[in-house]
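Visitor: I have a structure open and do not know how to read it. Can you take me through some features?

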Amino acid sequence: MKFPILSVALLSISLASLTFAAESSAPIADINPPASATVAEGLEAFSRIFEVTSHPRCANCHVGEDNRPRWSGPSYAPFPPGQDWRYHGMNINAGDSRIGVETMPCSACHQTTPDLESKPHTPPHFGIDWQLAPAQFEWFGKSPSEICAQLKDPTRNGARDWQGLAHHLVDDAGHRGPVLWGWNPSGNREAAPYSLQQHVDDITIWGVAGQPCPAE
Ligand code: HEC
Ligand code: HEC
């Protein structure tokens with residue numbers, strides 16, 4: 001009786017890869033900068049950019065030099081008193097490598113697979129190797145003006161202008177990486193707000209407006 005079950009499993013795997021192949025051939029979001037945008041429109045777009053970059057699905061990995069991934073967002077409660085986050089359980093530290101080679105590699109639990117679906121409280125995964133963002137790309141606990149300054153500073157954003165940021169978002173999502181996962185996290189995890197397309201549009205509006213930053 002094992003054989004039919006195996007065939008069903010193989011069939012669903014091949015159907016799933018077909019779907020992934022179809023999805024990766026077309027761009028997953030479009031880059032359509034507006035012809036012009038006012039500073040006010042740029043600031044409004046940035047306030048939505050901040051809601052995304054500070055959201056747990058993005059910020060939990062965009063942490064600084066302590067190399068410690070965070071667990072925040074409703075599905076990760078309860079938290080220590082007076083906090084709305086906690087450090088990754090099991091004392092996980094990504095080290096300077098940001099992938100944990102110094103202690104326990106992230107890949108020991110977070111697989112690399114195009115399948116974004118994971119059950120509640122099991123290690124989430126996506127199509128590229130799971131790792132922390134470089135420490136200069138720090139967003140966790142940062143204010144809107146701090147994240148804005150980082151995003152427009154080529155020494156702290158991987159040498160990207162706003163077009164480069166938009167391309168990074170689309171490329172990463174095309175590899176079924178963290179950017180696509182952030183809007184499709186499954187397992188009862190709260191998705192990042194708005195949508196990938198809206199976020200790419202906001203980056204371009206903010207860019208065309210001259211990358212204005214809020215005062216605080
Ligand atoms: C699992 C960890 C992880 C998560 C979750 C994650 N990122 Fe990242 N992010 C990275 C890594 C690693 C890089 C470095 C890649 C590079 O520069 O090529 C990066 C780089 C970036 C960059 C490049 C420039 C910069 O200033 O940071 C942007 C933009 C970005 N991520 C956006 C997002 C958004 C938006 C989300 C949520 C929807 C998100 N990331 C979630 C790991 C993550
Ligand atoms: C021993 C297994 C294990 C290892 C090793 C591990 N993780 Fe995790 N990680 C998990 C589990 C399980 C969850 C989800 C917990 C939950 O949902 O309650 C998780 C969740 C996360 C999250 C939160 C994602 C979200 O929903 O916002 C981040 C960020 C993260 N891990 C980063 C890392 C990094 C970076 C490494 C390597 C340095 C790593 N993890 C190594 C088991 C592991």
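Guide: We will look at the backbone first, then at a ligand. Keep in mind that this is a predicted model.

Visitor: Which two residues does a cis peptide bond join here?

Guide: Look at omega. For the bond between alanine 77 and proline 78, omega is about 0°. That bond is cis.

Visitor: Where is proline 78 placed?

Guide: Proline 78 sits in the loop between β1 (70-72) and β2 (85-87).

Visitor: Next, phi. What is the phi of arginine 98?

Guide: The sign is the thing to read. Arginine 98 is not a glycine, yet its phi is positive, about 65°. Find arginine 98 in the loop between β2 and α4 (144-151).

Visitor: And what is the phi of serine 186?

Guide: About 55°, so positive again, and serine 186 is not a glycine either. Serine 186 lies in the loop between α6 (178-182) and α7 (196-208).

Visitor: Why does arginine 98 count as partly exposed?

Guide: Count C-beta neighbours. A residue with 20 or more other C-beta atoms within 10 Å is buried, and one with 12 or fewer is exposed. Arginine 98 has 17, so it falls in between. Serine 186 has 15 inside 10 Å, so serine 186 is partly exposed too.

Visitor: Now the ligand. Which residues come nearest to ligand 2?

Guide: There are 27 residues around ligand 2. Pro69, Ala94, Gly100, Cys106 and Cys109 come nearest.

Visitor: How many residues of each class does the shell have?

Guide: Sort the shell around ligand 2 by class. The shell has 17 nonpolar residues, eight polar and two charged.

Conventions:
Residues numbered from 1 in each chain as written. Chains lettered and ligands numbered in written order. Predicted model: local features only at pLDDT ≥ 70, side-chain atom pairs only at ≥ 80, totals over all residues. Near = placed C-beta within 6 Å. Nonpolar A, V, L, I, M, F, W, Y, C, P; charged D, E, K, R; others polar. Helix = DSSP H or I, 4+ residues; strand = E, 2+ residues; numbered from the N terminus.
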